[in-house]
Amino acid sequence: SFLGEARPGRGPMLRLVCALALLQLAPGTTLRRTPPGERDVTKAITRSAGHAHNYRNVGLTRAAEPGARIVAQPLPRLPSRRFALSIELGHGRCVYDRAVCALRELRMHHLSPSRGIATLVTRPRPRLLAGAGLVTWARSSTGLYALNACRIVYDEQTKCSTTVAYGTLVGHWIAGEEAMAVRIDRDGLVTFSLLSISRGSGFGVILFPFLFSMQRGFFVEQLTVMRRLARHGHSGRRR
């Protein structure tokens, strides 16, 4: 089920805040007029290799309580925003295996013109290593693409589930963590779910109230793309 309500449009205010943000870019955030290419991804991950996470309770999505929040400096008690979304992908082990493959290859924004997640490793892999770098990007209402480096926090697998989580690094306008999981139950029903807990960081503390729709669009796209990939294979296109 999709959780959370859409907020009223704040286009003019968001444009104003983004314009101000251009004057105070954090070292971990890059704004671009075009979607990032492979060279941009490599540069962002390499540049952030020595950066620490910008929150203290890394791994909190493993067993997050309903009131869990990101703890970061400054303003450690700042409220956090939580997204908990899920969708049914289909039935059977084949659907589950396709979904796990898509999850491990970070293809939950496959073919999207405005959002994405990428790592330096593009070949199929049995597991994403904790500490591996990745990049997320999304197009804002200003038309600019915000490119941010993050890092894998954990990749865990059981007989019936696979979970991958990543967290933000110093310089990101958001401090937070997203866990994405594919599960199959005893009846063969396969689901994809995600949990995101985040708050503003640095200049992003000012920007964060205006990012609800942008964040929700990022996560909802993951649900719809994962369902398409699980049902229709590697290309994600209907046959």
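A charge sits over a ring if NZ of Lys or CZ of Arg is within 6 Å of the ring centre and within 35 degrees of the ring normal. This is a predicted model, where local features need pLDDT of at least 70, side-chain atom pairs count only at pLDDT 80 or more, and totals for chains, interfaces and linings use all residues. Residues are numbered from 1 along each chain as its sequence is written, and side-chain values use heavy atoms, leaving out hydrogens and water.

**Exercise 1.** Find which rings the charged ends of R62 and R81 sit over.

*Solution.* Start with R62: its charged end sits over the ring of Y154, 4.2 Å from the centre. Then turn to R81, whose charged end is 4.0 Å from the centre of the F208 ring and sits over that ring.

**Exercise 2.** Classify the ring pair of F83 and F212 and place both residues.

*Solution.* Rings of Phe, Tyr and Trp (its six-membered ring) pair if their centres lie within 6.5 Å; planes under 30 degrees apart count as stacked, over 60 as edge-to-face and the rest as tilted. By this rule there are three aromatic pairs. The centres of F83 and F212 are 5.5 Å apart with planes at 35 degrees, so this pair is tilted. Next, F83 belongs to strand β2 (residues 81–91) and F212 to helix α5 (residues 212–232), so the pair ties together parts 129 residues apart in sequence. Helices (H or I, at least four residues) and strands (E, at least two) are DSSP runs, numbered from the N terminus.

**Exercise 3.** Decide whether F83 and F212 are buried or exposed.

*Solution.* Buried means under 20% relative accessible area, exposed over 50%, partly exposed in between (1.4 Å probe, protein chains only). F83 has 2%, so F83 is buried; F212, at 8%, is buried too.
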